[in-house]
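I opened the notebook today to go through one chain, beginning with its strands and ending with its surface. The entries below follow the order in which I looked things up.

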Amino acid sequence: MNQLQCPQCGNPITPSDQLCPTCGQDLTNIFAPKQNLDAGKTMPPSFPQKLGNANTTNTMLFVIIAVLATIILMGGAFWLWNHMQTPKEPQPAAEKQQTPPETVYVQQETKTIVVPAKKTVALYGNKTLYGAIGKYSIRMDINISPDGTVEGTYTYLKQGNWLRIYGTYEKGRISLEEFTPKGNNTGNFFGSYNGITFEGTFHNYQHNTTYSFSVTEQ
């Protein structure tokens, strides 16, 4: 075996020396390549090591498959539960589906409608009516007898003078003659009467003029 020598002074040295014991030369660079080469050597992996890596990989694949299977089973179970909880819409009966439109129309036609009864209107008796002749406001008090006789009075509200009226009622029509307190026949009312409103035309004999009028029971 060749003895190691210091490259500086040539004296003997050992691999464990970091400095030359004779001259003090740094020997770390001389032995470093050999130490690094020895340190860099690794043993080839043995068969048991490869087997351990394969087992680890298989275990991870099994875990992943198990997790995916669990998720799928839970999703299926949730869907099934939700489907069972959802109420199904009732299916229409076959007879209702085959019912012709005419049958529905007949049922609508025969539906009962309640109509309120009309208010009874008294055609006869004492009536107090308010309204106007043309633009002049009047009040009329009349009594209509079942035999068709009509009598009473009326006045212009701004004047306050009462005039007598006499006449007849027949088939919804009233005709009244106007008289002054002295008995002079000065005009005529003629129009329709429905038990509430008396309306038509008033003819003034003295001035030969005609006005429309309308009076209603209050």
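Which residue in E7 does Phe 189 stand opposite? I looked this up before anything else, keeping in mind that the model is predicted, and found that Phe 189 stands opposite Phe 202 in E7.

**Entry: the two rings.** I then checked the ring geometry of this pair, which is one of the 9 aromatic pairs that the structure holds. The ring centres of Phe 189 and Phe 202 lie 4.6 Å apart with the planes at 40 degrees, so I noted the pair as tilted. Because Phe 189 belongs to strand E6 and Phe 202 to strand E7 (residues 197-204), the pair ties together parts that are 13 residues apart in sequence. I also looked up how far each residue is covered: Phe 189 has 0% relative accessibility and counts as buried, and Phe 202, with a relative accessible area of 2%, is buried as well. Following the ring pairs further, I found a cluster that links Tyr 136, Tyr 154, Tyr 156, Phe 189, Phe 198, Phe 202 and Phe 213.

**Entry: E6 and its partners.** I next went through the strand pairing around E6, and recorded that E6 and E7 run antiparallel and are joined by 7 bridges. The two strands form a hairpin with 3 residues between them, and Gly 195 in that turn has a positive phi of about 95 degrees. On the E5 side, strand E6 (residues 185-193) is again antiparallel to its partner, with 7 bridges joining E5 to E6. The hairpin of E5 and E6 has 5 residues between the strands, and there I noted Gly 183 with a positive phi near 95 degrees. For the register I wrote down two opposite positions, namely Glu 178 facing Gly 187 in E6 and Arg 173 facing Ser 192 in E6.

**Entry: E5 and E4.** I turned to the other neighbour of E5 and found strand E4 (residues 162-170), which runs antiparallel to E5 and is joined to it by 7 bridges. Arg 164 has Phe 179 in E5 as its bridge partner. The hairpin of E4 and E5 has 2 residues between the strands, and Lys 171 takes a positive phi near 50 degrees in it.

Which side chains of E5 point to the buried face? Going along residues 173-179, I listed Ile 174, Leu 176 and Glu 178 as pointing to one face and being buried, whereas Arg 173, Ser 175, Glu 177 and Phe 179 point to the other face and are not buried. Such alternation between the two faces of the sheet is what side chains do in a regular strand.

**Entry: a surface patch.** I then looked for nonpolar side chains on the surface and found a patch formed by Leu 61, Phe 62, Val 63, Ile 64, Ile 65, Val 67, Leu 68 and Ile 71, which together have about 800 Å² of accessible area. One of them, Ile 65, has its place in helix H2 (residues 47-85) and is exposed, with a relative accessible area of 56%.

**Entry: the whole chain.** Last, I noted the totals, starting with 4 helices and 8 strands, which follow along the sequence as α-α-α-α-β-β-β-β-β-β-β-β. Of the 218 residues, 19% count as buried, and the accessible surface comes to about 17,200 Å², of which 58% belongs to carbon and sulfur atoms. Among contacts between residues at least 6 apart in sequence, 22% join residues at least 24 apart.

How values were computed. Residues are numbered from 1 along each chain as its sequence is written. This is a predicted model: local features need pLDDT of at least 70, side-chain atom pairs count only at pLDDT 80 or more; totals for chains, interfaces and linings use all residues. Side-chain values use heavy atoms; hydrogens and water are left out. Buried means under 20% relative accessible area, exposed over 50%, partly exposed in between (1.4 Å probe, protein chains only). Two strands pair if DSSP finds at least two bridges between them. Contact means heavy atoms within 4.5 Å. Accessible areas come from the Shrake-Rupley method with a 1.4 Å probe; for residues, only the protein chains shown count as cover. Rings of Phe, Tyr and Trp (its six-membered ring) pair if their centres lie within 6.5 Å; planes under 30 degrees apart count as stacked, over 60 as edge-to-face and the rest as tilted. Patches are made of residues with over 30% relative accessible area and no salt bridge: like charges are joined within 9 Å, nonpolar side chains (Val, Leu, Ile, Met, Phe, Trp, Tyr) within 5 Å. A salt bridge is a side-chain nitrogen of Lys or Arg within 4 Å of a carboxyl oxygen of Asp or Glu.
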